[in-house]
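These are my notes on the model, set out as numbered points. Please read them with the structure open.

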Amino acid sequence: MKQLKSWTVILCLIQLLIGVPIFATAPTKAKKIENLSFRNKNIKTVFQALSAFEEINIFFDEQVRDTKVSINISDMTFDEAVGHLLKTHRLFMVKPDSKTIIIIPNTPEKREQYKEMAIKTFYLINAEAKVMMNLLRTMLGTLQIFVTERLNAQVIRESADNVVFAEQM
């Protein structure tokens, strides 16, 4: 018993010295909103109040309408509450980083505008860049391929999935 206590003390000292936890800590649970009620408030005001609770930044696309909403949030996490608001008001969100969200109308045009894009340059050895460009445009329906004939290279700006597919080609 005495030996176990001394090992615990030694491990705690090592943890303090190197600054890295040795003992596993339980993951923190998401904070729950106990009781929050809004009556006839603008939806942007509701989102801003929720973002203050979670301590994140919130931005709105210019086409988000400021409609009136009545909602009673009880025993829900931030993600659950925001998810319900997004679904019921035909909105979606983009999370550019861990402390920021952008609220956007859920339309095909806006989904296309806010989809995550990737850019990659391919230097080709066994194929001509123009031939590959035509092949990829035909297969992917993509128009954002740029060719540099001197380097026999192509630059593709597309969704991440399409760039991965082009890489496999």
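1. Strand 5 is mostly covered, with six of its six residues buried; buried stands for a relative accessible area under 20%, exposed for over 50%, and partly exposed for what lies in between, with a 1.4 Å probe and protein chains only. The cover extends to both faces: Thr100, Ile102 and Ile104 are buried on one side, and Ile101, Ile103 and Pro105 on the other. Helices (H or I, at least four residues) and strands (E, at least two) are DSSP runs, numbered from the N terminus.

2. The model is predicted, so local features need pLDDT of at least 70 and side-chain atom pairs count only at pLDDT 80 or more, while totals for chains, interfaces and linings use all residues. Residues are numbered from 1 along each chain as its sequence is written, and side-chain values use heavy atoms, with hydrogens and water left out.

3. Which strands pair with strand 5, and in what sense? Strand 4 (residues 91-97) pairs with strand 5 (residues 100-105) in the antiparallel sense, over five bridges. Strand 2 runs parallel to strand 5 and is joined to it by four bridges. Two strands count as paired if DSSP finds at least two bridges between them.

4. The bridge partners can be checked one at a time. On the strand 4 side, Leu91 stands opposite Pro105 of strand 5, and Met93 has Ile103 as its bridge partner. Ile58 stands opposite Ile101 in strand 5. The connection from strand 4 to strand 5 is a hairpin of two residues.

5. The largest pocket has a volume of about 210 Å³. Its lining consists of Ile43, Gln63, Val64, Arg65, Thr67, Thr88, His89, Arg90, Leu91, Pro105, Asn106 and Thr107. Leu91 and Pro105, both in this lining, are the pair that stand opposite each other in the bridging of strand 5. On a 1 Å grid over the protein atoms alone, a pocket is an open set of points with protein on both sides within 12 Å along at least five of seven lines, and lining residues have an atom within 4 Å of a point. Grid points are joined across faces, edges and corners, and the volume is the space filled by probe spheres set on the points.

6. What is the make-up of the lining of the largest pocket? There are four nonpolar, six polar and two charged residues. Here Ala, Val, Leu, Ile, Met, Phe, Trp, Tyr, Cys and Pro count as nonpolar, Asp, Glu, Lys and Arg as charged, and the others, Gly among them, as polar.

7. Ser51 lies in helix 2 and is buried, at a relative accessible area of 5%. Leaving aside neighbours within four places in sequence, Ser51 is in contact (heavy atoms within 4.5 Å) with Ile56, Ile58 and Phe78. Ile58 is the residue opposite Ile101 in strand 5.

8. Two residues that are not glycine have a positive phi and deserve a look. Glu55 has a phi of about 60 degrees and is found in the loop between helix 2 (43-54) and strand 2 (57-60); Glu55 is exposed, with a relative accessible area of 58%. Asp75 has a phi of about 55 degrees, but its place is in strand 3 (residues 68-77), and at 46% relative accessibility it counts as partly exposed.

9. Ile119 is found in strand 6 (residues 117-123). Is Ile119 buried or exposed? At 61% relative accessibility, Ile119 counts as exposed. Not counting residues up to four places away in sequence, Ile119 touches Val155, Ile156 and Arg157. From C-alpha to C-alpha, Ile119 and Val155 are 7.0 Å apart in space, with their positions 36 residues apart in sequence numbering.

10. Gly141 is found in the loop between helix 5 (129-140) and strand 7 (145-148). Gly141 is exposed, at a relative accessible area of 57%.

11. For the chain as a whole, there are six helices and eight strands, in the order α-β-α-β-β-α-β-β-α-β-α-β-β-α from the N terminus. Of its 169 residues, 26% count as buried. Among contacts between residues at least 6 apart in sequence, 59% join residues at least 24 apart.

How values were computed
On a 1 Å grid over the protein atoms alone, a cavity is a set of points where a 1.4 Å probe fits but cannot get out, and a pocket is an open set with protein on both sides within 12 Å along at least five of seven lines; lining residues have an atom within 4 Å of a point.
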